[in-house]
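Visitor: I'd like to go through this one label by label, and hear what stands behind each. Can we start once it's on the screen?

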Amino acid sequence: MIYLPSMLPYVGNAVSTGLGLTWKSVVAAEILSMPSKGMGTSMQAAQFQLDTPLLFAWTLLIVALSAVFEGLVALIQKKGMLLHD
């Protein structure tokens with residue numbers, strides 16, 4: 001028998017990690033599919049043009065977005081609004 005309250009901390013951690021990983025996955029998909037406008041497309045263009053500062057700026061932005069989303073979920077979880085520990 002599975003008790004929901006005992007699962008909630010694990011589900012909360014999975015949601016937090018999943019939202020952080022989503023940004024990285026979306027950018028990787030954009031690099032492969034090359035849509036007309038996207039972060040991955042801009043990163044790929046910067047790499048082709050050897051524009052290292054722009055490439056690092058895009059990388060830092062994506063890492064920051066990932067961290068912000070993970071932090072927001074952790075904050076919501078800590079406040080008890082989403083899932084209780």
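Visitor: What makes Trp23 count as partly exposed?

Guide: This is a predicted model, and in it Trp23 has 22% relative accessibility. Buried means under 20% and exposed means over 50%, so at 22% Trp23 counts as partly exposed.

Visitor: Which ring does Trp23 pair with, and why is the pair called tilted?

Guide: Its partner is Phe69. The ring centres are 5.5 Å apart, and the cut-off for a pair is 6.5 Å. The planes sit at 50 degrees, while stacked needs under 30 and edge-to-face over 60, so this pair is tilted. By this rule the count comes to 1 aromatic pair.

Visitor: What does the pair of Trp23 and Phe69 tie together?

Guide: Trp23 belongs to helix α1 and Phe69 to helix α3, so the pair links parts that are 46 residues apart in sequence. As for Phe69, its relative accessibility is 30%; with the partly exposed range lying between 20% and 50%, Phe69 counts as partly exposed.

Visitor: How do you know that α1 and α3 are roughly antiparallel?

Guide: Their axes cross at roughly 160 degrees and come within 9 Å. Over 145 degrees counts as roughly antiparallel, and α1 and α3 are therefore roughly antiparallel to each other. The crossing of α1 and α3 is right-handed. From α1 the contact includes Leu8, Pro9, Leu19, Trp23 and Val27, and from α3 it includes Ile62, Leu65, Phe69 and Val73. The residues of that contact divide into 11 nonpolar, 6 polar and 2 charged.

Visitor: And why is α1 called oblique to α2?

Guide: Helix α1 (residues 4-33) and α2 pack at about 60 degrees, with their axes 7 Å apart. Roughly parallel needs under 35 degrees, and roughly perpendicular runs from 65 to 115. An angle of about 60 fits neither, which makes α1 oblique to α2. Here α1 passes α2 in a right-handed crossing.

Visitor: Which residues meet where α1 packs on α2?

Guide: On the α1 side there are Trp23, Val27, Glu30 and Ile31, and they meet Met39, Gly40, Thr41, Met43 and Gln44 in α2. By class that contact has 5 nonpolar, 3 polar and 1 charged residues.

Visitor: What makes α2 roughly antiparallel to α3?

Guide: The axes of helix α2 (residues 39-48) and helix α3 (residues 52-79) come within 8 Å and cross at roughly 155 degrees. The cut-off is over 145, so α2 is roughly antiparallel to α3. In this case α2 passes α3 in a left-handed crossing. Met39, Ser42, Met43, Ala46 and Gln47 are the α2 residues here, and they meet α3 residues including Leu54, Trp58, Ile62 and Leu65. Those contact residues divide into 9 nonpolar, 3 polar and no charged.

Visitor: Which residues of α2 are buried, and what do they pack against?

Guide: Met39, Gly40, Thr41, Met43, Gln44 and Ala46 are buried. The buried residues of α2 pack against α1 and α3.

Visitor: How do you know that Gln44 counts as buried?

Guide: Gln44 has 15% relative accessibility, and buried means under 20%, so Gln44 counts as buried. Leaving out residues up to four places away in sequence, Gln44 touches Ile31 and Met34.

Visitor: Where is Met34, and what is its phi?

Guide: Met34 lies in the loop between α1 and α2. Its phi is positive, about 55 degrees, although Met34 is not a glycine. At 39% relative accessibility, between the 20% and 50% cut-offs, Met34 counts as partly exposed.

Visitor: Where is Leu50, and why does Leu50 count as exposed?

Guide: You'll find Leu50 in the loop between α2 and α3, just after α2. Exposed means over 50%, and Leu50 is at 72%, so Leu50 counts as exposed. Leu50 has a positive phi too, about 55 degrees, and is not a glycine.

Terms used
Residues are numbered from 1 along each chain as its sequence is written. This is a predicted model: local features need pLDDT of at least 70, side-chain atom pairs count only at pLDDT 80 or more; totals for chains, interfaces and linings use all residues. Side-chain values use heavy atoms; hydrogens and water are left out. Axes are lines fitted to C-alpha atoms, for helices over the stretch in contact, and angles run from 0 to 180 degrees between N-to-C directions. Helices (H or I, at least four residues) and strands (E, at least two) are DSSP runs, numbered from the N terminus. A crossing is left-handed if the near helix is turned anticlockwise from the far one by less than a right angle, and right-handed if clockwise. Contact means heavy atoms within 4.5 Å. Ala, Val, Leu, Ile, Met, Phe, Trp, Tyr, Cys and Pro count as nonpolar, Asp, Glu, Lys and Arg as charged, and the others, Gly among them, as polar. Rings of Phe, Tyr and Trp (its six-membered ring) pair if their centres lie within 6.5 Å; planes under 30 degrees apart count as stacked, over 60 as edge-to-face and the rest as tilted. Buried means under 20% relative accessible area, exposed over 50%, partly exposed in between (1.4 Å probe, protein chains only).
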